[in-house]
Amino acid sequence: MWSSIRREFSVNRDSLWQSGLILAGACLLGEGIAAVMMGIFSREPFFIPLGTMMAVGAAVVSGVIFPAYYFSCGYEQALAMGCTRGRFLAGSLALSLVHIVLMLAAATLAILADLGFYRAFYPQIYAAIDWTDFPSGGVLAGGLALAAAVLLCFGLFLGAALQRWGKRAFWVLWGICMAASFLSGPMVHLAKDSEASLLGRIAGSVGHALAFLPGMVYLCFAGAVLLAAGVFGAVLLLRGSIRHAV
């Protein structure tokens, strides 16, 4: 197992620093855009955490794309070189987890750099920030651990689906995401504006039923779905074959 982990790190080590460069570039770009916006469009300086937003976005995107790449594109090569499916899965999981943790840590550093930028150049903005709204260290660590688990399971599921079904899986998942993005808003408005319609009555009944459930139920349901997606991806890789690889 340790040899497989070392192999995955040696083969894909370049992607670690490349992701770091992408995140740093996104943060600097966001800082530059925020500075231009405050200098041109604002008479009084105000807080625009654009560098933080772009850094976090880059961390999330790289935390999904690169693990999906490990699990999909590295599968055929590993099996062709004599690696077992179990050893490949263990090595890719370790590499993906390290990658995600590094990206989240870099995003946290970008947040601190963003605050330091405003403290150095716009002290009046920094002094006006209400720090009581920011999470404590323990809450932040728990949130980062939860984010790492979400990204790892999602990357595992996506990579396994791409390895198993290729472009068909990509377009199906892309279509589901686009449909959920574009149809969720209109469907909610339609349900609210048409209470007398069948859709409005169904949405109202479901909303009233779900309102009585505690928040922990939603968290458990989301965790169960996430765990099921990760397990399903692991099963696909453990039962896959070279001829299914993209």
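The following paragraphs lead the reader through a predicted model of one protein chain, from its overall architecture to a few single residues.

The protein chain contains 8 helices and 0 strands. Read from the N terminus, its elements therefore follow the order α-α-α-α-α-α-α-α, where each symbol stands for a helix, as a helix is a DSSP run of at least four residues. Of the 246 residues in the chain, 33% count as buried. The accessible surface comes to about 14,800 Å², and carbon and sulfur atoms account for 74% of that surface.

The contacts show how parts of the chain that are separated in sequence are brought together. Among contacts between residues at least 6 apart in sequence, 80% join residues at least 24 apart. One pair of residues gives an illustration. Leu 97, whose place is in helix α3, stands 55 residues from Leu 152 in sequence, and the C-alpha atoms of Leu 97 and Leu 152 are 6.5 Å apart in space. Leu 97 counts as partly exposed because its relative accessibility is 38%, which falls between the limits of 20% and 50%.

Helix α1 offers a second illustration. Gly 20 is found in this helix, α1, and its C-alpha atom is separated by 7.3 Å from that of Ala 106, a residue 86 places away along the chain. The relative accessible area of Gly 20 is 25%, so Gly 20 is partly exposed. Ser 19 also lies in helix α1, which spans residues 2-41. Is Ser 19 buried or exposed? Ser 19 counts as buried, because its relative accessibility is 1%, and the limit for burial is under 20%. Leaving out residues up to four places away in sequence, Ser 19 touches Ser 62, Phe 66, His 99 and Met 103.

A further buried residue lies in helix α3, namely Thr 108. Its relative accessible area is 18%, and Thr 108 is therefore buried under the 20% limit. Apart from neighbours within four places in sequence, Thr 108 is in contact with Leu 140 and Leu 144.

Attention now turns to the nonpolar interior. In soluble globular proteins, nonpolar side chains tend to be buried together. In this model, the largest nonpolar core has 12 residues in all. Its members are Phe 71, Tyr 75, Ala 78, Leu 79, Cys 83, Phe 88, Leu 89, Leu 156, Ala 160, Ala 234, Leu 236 and Leu 237. Two or more residues of this core come from each of the helices α2 (50-80), α3 (85-121), α5 and α8 (215-238). Which helix gives the most to this core? That helix is α2, with 4 residues.

The last feature is the second largest pocket, which holds about 190 Å³ of space. The residues that line this pocket are Phe 154, Phe 157, Leu 158, Phe 170, Leu 173, Trp 174, Ile 176 and Cys 177. The elements that give two or more residues to the lining are α5 (137-165) and α6 (167-193), and α6 gives the most, with 5 residues. By residue class, the lining divides into 8 nonpolar residues, no polar residues and no charged residues. Helix α5 thus appears in both accounts: α5 gives two or more residues to the largest nonpolar core, and α5 also gives two or more residues to the lining of the second largest pocket.

Methods
Residues numbered from 1 in each chain as written. Predicted model: local features only at pLDDT ≥ 70, side-chain atom pairs only at ≥ 80, totals over all residues. Heavy atoms only, no water. 1 Å grid on protein atoms, 1.4 Å probe; cavity = no way out; pocket = protein on both sides within 12 Å on 5 of 7 lines; lining within 4 Å. Points joined across faces, edges and corners; volume = space filled by probe spheres on them. Nonpolar A, V, L, I, M, F, W, Y, C, P; charged D, E, K, R; others polar. Buried < 20%, exposed > 50% of the residue type's maximum accessible area, 1.4 Å probe, protein only. Contact = heavy atoms within 4.5 Å. Areas by Shrake-Rupley, 256 points an atom, 1.4 Å probe, with all protein chains shown as cover. Core = buried A, V, L, I, M, F, W, Y, C linked by side-chain atoms within 4.5 Å.
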